[in-house]
Amino acid sequence: MKYLVIAEKPSVSKSIAKVIGAYRQEDGYLEGGDCVVSWCLGHLAEYAAPEYYDERYKSWRFDDLPILPEEWKLLVSEDKKAHFNILRKLLRSKDFDYVVNACDAGREGELIFRLVYQQAGCKKPFSRLWLSSMEESAIREGFAHLKPSTEYDALYNAALCRERADWMVGINASRLFSCLYGQPLAVGRVMTPVLAMTVVREAAIAAFVPEKFYTVALTLADGGTASSKRFAQKADAELLLSKCRKEGRVTVQKMERKEKSESPPQLYDLTALQRDANRLLGFTAQQTLDYAQNLYEKRLITYPRTDSRFLTEDMAASLPGLVTATGKAFAVEEPIPIHVQQVINGSKVTDHHALLPTKSMANADLAALPAGERNILRLIAARLLCAVGEPHRYAETTLTTICAGEEFSAKGKLVLSDGWRAMERKMLGELLGKQKEPAVLPDVQEQSQCSVAGVELKEGQTSPPKHFTEDLLLHAMETASAD
């Protein structure tokens, strides 16, 4: 039986074609044996603009709203028509018994294929190739276990609803507000709420009036610094400063020591990777996605467009080998603790598992990668090595003292076991920058007295909300429903 494979991009098509034996290059596809592999060039078929439904919609008029198509029309843009014609000819050819949808394994990939399939008027049965990695072994495994197309009908319908919602909101709301305000205004399902969040934040920053405050800081002779409450009036803080200088000692009212544990971070999903890449590397979300997509197509990481931060149970056995190979690829010489179960939870995996480096990465020439891709790969590798590591354990000490009748407090931290934090510094030391050393407080008894080595008046002021960075904006978008 001869079959046709349609991927989303030419680069992915070439990787698939190499595995299944389609080596001969033709115009717009690759052929060999019993298969042909072609590609979609992204969104080939898209929903038509309003004027294709009715000529009167060329003008933007309030009285024509809302525009709600009874039957949706698909069009192919002029610059993509030549390739679409090749695809249509292949999809209608009697040479093929069935089609394989090999577009990216996600909601958009499902939509891209099916709209082209419909626009070409194809009636052939089709199966789904669902890949989380572009490694040769993963491609062979995927073809050995092709999925029925019906398993992804719900995913397609979800994508279709999103696409049509974007069209209806964008077309109608943009025309409505443009007519109301007499100037072209763009309104979108996502961009307008995000713009609103940004405007509200900027308004809060603009309206913010900083307020000065004053504190008194005591340097204890045995180590550590204790601070008073905030004073709105400088004179009140100066009075306390004078009294503390005269008294010259503090009485320990309370000493608390709690041992705490900081669990390893979860593996990356796309949003978490984009946030860290923005915070540590200054990359935009789109840059991070582009770099990750390139790494995926080079078989160096798994599928990037994932919203899962865990792995499935069937991956547990192969994970120690991947962790060891990843460590070697990044010159980690010390033994790596591997606690597999803390990253395994199949119930929290949706379409794809969390982002991982691949086995192919271990043998690749990482130095030959562009700097952006290399940095993103390092983040993903570092997260894997940290996520399977030991907890970071420390003792937190809170000291409450009295001087001149006023309460002063101090906090200290003593690291008991570095755990995963040591691996994070090993992998990302330069990106993290110099870390502030935690304060260590003296070991004192309650009701004992300590000498004061220094007294200082400190001035500060309240801070406005932070301007949105892409990191903070992505977090706000993720948690918008919680506000």
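# A guided tour, starting at a hairpin

Begin by selecting the hairpin of β13 and β14, where two residues sit between the strands and A404 takes a positive phi near 55°. The structure in the viewer is a predicted model, and the stops below should be read with that in mind. A404 belongs to the loop between β13 and β14, and the positive phi is found here in a residue other than glycine. Colour A404 by accessibility and the residue comes out as partly exposed, with a relative accessible area of 21%.

**The strands around the hairpin**

Next, extend the selection to the whole of β13, residues 392–403, and β14, residues 406–417; the two strands run antiparallel and are joined by 11 bridges. To see how they line up, pick T398, which stands opposite K411 in β14. On the β12 side, T398 has E256 opposite, and M255 stands opposite L399. The pairing of β12 with β13 is antiparallel and holds 11 bridges.

Now show β12, residues 249–262, together with β15, residues 449–461: these strands are also antiparallel, with three bridges joining them. A good place to centre the view is R249, which stands opposite S451 in β15.

**Salt bridges that start from β12**

Stay with β12 and display the side chains of K260 and E396, which meet in a salt bridge at 2.9 Å from N to O. This pair links distant parts of the chain, since K260 lies in β12 and E396 in β13, 136 residues apart. On accessibility, E396 is partly exposed at 22% relative accessible area, and K260 is likewise partly exposed, at 32%.

Then move along to E262, whose side chain forms a salt bridge with that of R421 at 2.7 Å, N to O. Because R421 lies in helix α12 (residues 420–432) and E262 in strand β12, this pair ties together parts that are 159 residues apart in sequence. R421 is partly exposed with a relative accessible area of 25%, and E262 is partly exposed with 27%.

**Other salt bridges**

What is the total for the whole structure? A search finds 32 salt bridges. Side chains of opposite charge can pair when their charged atoms come close. For another pair, select R24 and E26, whose side chains meet at 3.1 Å, N to O. R24 counts as partly exposed at 45% relative accessibility, while E26 is partly exposed at 29%. After that, select E108, R162, E163, D166 and R189 together, a set linked in a network of salt bridges.

**Two crossing helices**

Keep E108, R162 and E163 highlighted, for these residues also take part in the contact between α3 and α5. Show helix α3 (residues 107–119) and helix α5 (residues 153–181), which pack at an angle of about 85° with their axes 8 Å apart. At that angle α3 is roughly perpendicular to α5. The α3 side of the contact includes L111, R114 and L115, and the α5 side includes L155, Y156 and L160. Taken together, the residues of this contact divide into seven nonpolar, one polar and seven charged.

**A buried helix face and a buried threonine**

For the next stop, select helix α13, residues 470–478, in which D471, L473, L474 and A476 are buried. What covers these residues? The cover includes α6 (191–207), α8 (270–281) and α9 (285–297).

From there, go to T288, which is found in helix α9. Is T288 buried or exposed? T288 counts as buried, with 0% relative accessibility. Leaving aside residues up to four places away in sequence, T288 touches L273, Q274, A277, F283 and I376, so showing these five side chains gives a view of the surroundings of T288.

**Backbone details in the loops**

The last stops concern the backbone. Find the loop between β5 (45–47) and β6 (74–76), where P66 lies, and look at the peptide bond joining L65 and P66, which is cis with omega about 0°. Finally, go to the loop between α12 and β15, the place of Q447. Phi of Q447 is near 75°, a positive value in a residue other than glycine, and Q447 counts as exposed at 58% relative accessibility.

Terms used
Residues numbered from 1 in each chain as written. Predicted model: local features only at pLDDT ≥ 70, side-chain atom pairs only at ≥ 80, totals over all residues. Heavy atoms only, no water. Pairing = 2+ DSSP bridges. Helix = DSSP H or I, 4+ residues; strand = E, 2+ residues; numbered from the N terminus. Buried < 20%, exposed > 50% of the residue type's maximum accessible area, 1.4 Å probe, protein only. Contact = heavy atoms within 4.5 Å. Salt bridge = Lys/Arg side-chain N within 4 Å of Asp/Glu carboxyl O. Axes fitted to C-alpha atoms, helices over the stretch in contact; angles between N-to-C directions. Parallel < 35°, antiparallel > 145°, perpendicular 65-115°, else oblique. Nonpolar A, V, L, I, M, F, W, Y, C, P; charged D, E, K, R; others polar.
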